[in-house]
Amino acid sequence: MNLVSFALRRPISLLVMVLASALLGYLALNRMSRDIFPDLGVPVLYVAQPFGGMDPAQMEGFIVNYYEYHFLYITGIEHVESKSIQGVGLIKLQFHPGTNMAQATAETVAYVDRARAFMPTGTVPPFVMRFDGGSVPVGNLVFSSKTKTVAELQDAALFKVRPLFATLQGVSAPPPFGASQRTILVRVDPGKLRSYNMSPDEVVRALAAGNTVSPSGNVRIGDLMPMVPVNSVVGDFKGLNNIPIRSEGTQTIFIRDVGSVEDGADIQTGYALVDGRRTVYIPVTKRADASTLTVVQAVKTNLPRFQSVLPDDIAISYQFDQSPYVTRAIRGLFFEGALGVMLTGLMVLLFLRDWRSALVVVLNIPLALLASVTALWVSGQTINIMTLGGLALAVGILVDEATVTIENIHTRLADGRSLARAASEATAETTTPRFVAMLCILAVFIPAFFMTGAAHNLFVPLALAVGFSMVGSYLLSSTFVPVLSVWMLRHASTEGQTQETFFDRLRARYDRFARAVMVRRRVVVIYYLLISGAIVVLGGGALGTEIFPLVDSGQLQLHLRAPAGTRIERTEQIALQTLDEIKREVGPDNVEISLGFVGTQPPNYPINTIYLWSSGSEEAVLQVQLKRGAGIGIEDLKERLRQKLPQELAGVRFSFEPSDIVSRVMSFGAPTPIEVAVSGPNLADSRLYAEKLKEKLAQVPTLRDLAFEQELEYPTVKVSIDRERAGVLGVTSDDVAKSVVAGTSSSRYTSANYWADPKSGIGYQVQVQIPEKQMNSLEEVKNLPIARRSGQQIDLRNLASVTDGTALGEYDRYNMQRMLTLSANISGEDLGRAAARVEHAGTLGQSQFGDRCRVRGAVVGEPGVPVGRACPEELLDMCVVVAHVPHDPSPTRSTNRRTRSNVTRSFSCTFPSYFNTFRNAPPLCAPARTSVPEPWDTWTTPHSVG
């Protein structure tokens, strides 16, 4: 028994099944997660390692290097990327598609434990977490107060709101942004230290001995067994003032004699700004498998609960809500579906002049969509842009099934068949053609299932949505349509309709035209192929290429870089001036809210570097939300700001980054669409090549914001110990290092000390430091007291030289090889054409590549695909990676700029071949020098390059 016969013989059973399918579809529509994109499933792990005070070279050599070495043992590892700045190392582990991430996570944790055995004493365990392009901020919880300090806001957000916020389903809750951790500060005066011939390290040792955590014992007294706690840790933090440092006869020197004890915060490394005022905020970041709408709704619902645990003078609000993108997409689907239903019904009514037939066709559309939603739910998909796009695309296609069936039923009725026989024969006649047409449409989407990586996870939901809709429409047109036609057309009179209709005349004309075409079919086919080919070549060549259409969301994200080493206070002023210039450009009334972060994440919260990466105190990231209806194009605004900001703020570099949730996800964490990474065994040579490459890329007219991602000359104060002289004076390098750290940073990471607030039961660290404002010159550094020997005070100047210098502010590595990165934006051109211009500029030279040169990215293929033939041996010492839209996510700016891979296209190639004139130049093609003791000490200016 075929479908048609089954439906006509058991119409009630069929109707029940159709209603059940519709109800199940409605249930699925309400139960399915709703998000911007499907789960991209990019297999990525992040390891965030803090070590306060360690400079970038130390982080790279003593910590990150050991992690990278051990991580290459992990099963399924594709590559390891890392970034090292002062105090923090961030490592990204990219795995091959299909890797068991549960096993990979377990192996990562195991190798973390092994790698730490080779690291310096005091290295704390890192944060290990899964994070991909779908894990992006969907808003921010902003804390504001007119009376509280930023440190107090941070403490309230961290210990009062975050425990409630983190327990919401689907939420990933990082620590608050904008302030350092609450800390008990022992601020020592360097002048008083010198008057007592005392070093900062001596104060640190006294603090460790006088405020130490000790367990409690028990004593058995009669029938009782009371605890015996000892106040080895002070109850009131002010009691730290009474800790003795040194006793000499009748004189005892206490901490209060050389400094003061305060309830403050760790050394500030960054500030958060909301509408230009310092504050703290918590990014509302959803997990990759969570629903955006569900997370946003849960946060909004719990806002009164969050507010209830805060003091009255602290307000909490939800800002930069990204959920409207999802809601607008859903409304768009309903509008598209309703429009399709209306137009389809109108056309059927126009040609058949029968409202009952039009109703039959119209009812087929929502039922097919609900059936598709049910199938998507069962297959584990979500409501997102891709599935909604597939359903919207299907609306225009699936009406054909019912329309063909109902039109053929009318034809059979016109031939004098009974209604039931007309419905049966007409439906049976069209079964095979409709089935073949459905297969032809489905065949178009089959390639999506052969994609790999993020592209597979992105386009398969769209293909499934179209496929399920088409199958549902085919089944309904084969069963539901004939049954409904029998029921609804039985009262429609078909007799006596001898007058020729407009549709009959149109069909007769088409019949004559088709007969004439069939006579000349060979000529028609030839002309069809020629015209189609011309359209494809001419029209297709004029189309731009992007991985996703540009979205004007009314949001702007700007990354600024002041001169290297600029203090965060000065960077904050520059950020505020930048916000003022933006307001003047767009009009103050058109700005809804602005949010910014100045400086770097504190080492207390290394996990925050995954959400927002910045490499120095000279950097700031600003977000501006324009009011709806402002009528200002974001791309035009960017161009105007590129012209205006450098004039108003000389010496400051600006770069625009993805701002809205769609752009952030589709940029896969990359800050710019174009990136070039130059890597090699010698950084000095790499820089010379990179400077030449920068000059070449600057000639591409559509590139904007071209600059190095790393600070190449970060200012330093170099302390060079004369070990021979130190030995004569009886001082070790350890004595010098501990005193210098306490004097220029704090004892937080060299001597852990704690105090618990008896009111809240929360523990805080105690650290010794010299006030930052007093260490304001080289002379102050030179005068740091180091040790006391034979009653004499030894200062730093007595055993070390203190000089100005420069160093690399950030070390980036790819599979254990250092690299320098150039980044650029695109303006006035699509990504594909911009990539062609970069290639035309001579930066790739792909024909020269071999096994050492590999393609990375979602457009050209999976990472690690060899290109070309064997590379000339003399060219293997340098490699360039040009990336257009990364292969993998990783929000590390914003949201999310965390990596330097981009997602649309990336080339890895031997560098010297980018410029033909270099091919025969021995100095550039020769193997890298190995006799240079420190590459950065031997740098020359770009003008000295041959």
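The exercises below, each with a worked solution, concern a predicted model.

**Exercise 1.** Determine how helix α7 and helix α23 are oriented relative to each other, and which residues make their contact.

*Solution.* Two packed helices are described by the angle between their axes and the distance between the axes. For α7 (residues 200–210) and α23 (residues 733–744), the packing angle is about 90° and the axes lie 7 Å apart. Since angles of 65 to 115 degrees count as roughly perpendicular, α7 and α23 are therefore roughly perpendicular to each other. Turning to the residues, P200, D201 and V204 on the α7 side meet K738, S739 and A742 on the α23 side. Sorted by class, this contact of α7 with α23 comprises 3 nonpolar, 1 polar and 2 charged residues.

**Exercise 2.** Describe the largest nonpolar core and identify the helix that gives the most to it.

*Solution.* The largest nonpolar core contains 119 residues, and those with the most contacts inside it are L141, F143, F165, F306 and I610. The helix that gives the most to this core is α14 (residues 453–488), which supplies 17 residues. A second core, separate from this one, has 39 residues, including L193, V740, A742 and V802. A742 in α23 is also among the residues in the contact with α7.

**Exercise 3.** Decide whether T578 is buried or exposed, and list the residues that T578 touches.

*Solution.* Begin with the location: T578 belongs to helix α17 (residues 568–586). The cut-off for buried is under 20% relative accessible area, and because T578 has 0% relative accessibility, T578 counts as buried. Leaving out residues up to four places away in sequence, T578 touches L558, L560, L622, L645, L649 and F654.

Conventions
Residues are numbered from 1 along each chain as its sequence is written. This is a predicted model: local features need pLDDT of at least 70, side-chain atom pairs count only at pLDDT 80 or more; totals for chains, interfaces and linings use all residues. Side-chain values use heavy atoms; hydrogens and water are left out. Axes are lines fitted to C-alpha atoms, for helices over the stretch in contact, and angles run from 0 to 180 degrees between N-to-C directions. Helices (H or I, at least four residues) and strands (E, at least two) are DSSP runs, numbered from the N terminus. Angles under 35 degrees count as roughly parallel, over 145 as roughly antiparallel, 65 to 115 as roughly perpendicular and the rest as oblique. Contact means heavy atoms within 4.5 Å. Ala, Val, Leu, Ile, Met, Phe, Trp, Tyr, Cys and Pro count as nonpolar, Asp, Glu, Lys and Arg as charged, and the others, Gly among them, as polar. A nonpolar core is a set of buried Ala, Val, Leu, Ile, Met, Phe, Trp, Tyr and Cys residues joined through side-chain atoms within 4.5 Å. Buried means under 20% relative accessible area, exposed over 50%, partly exposed in between (1.4 Å probe, protein chains only).
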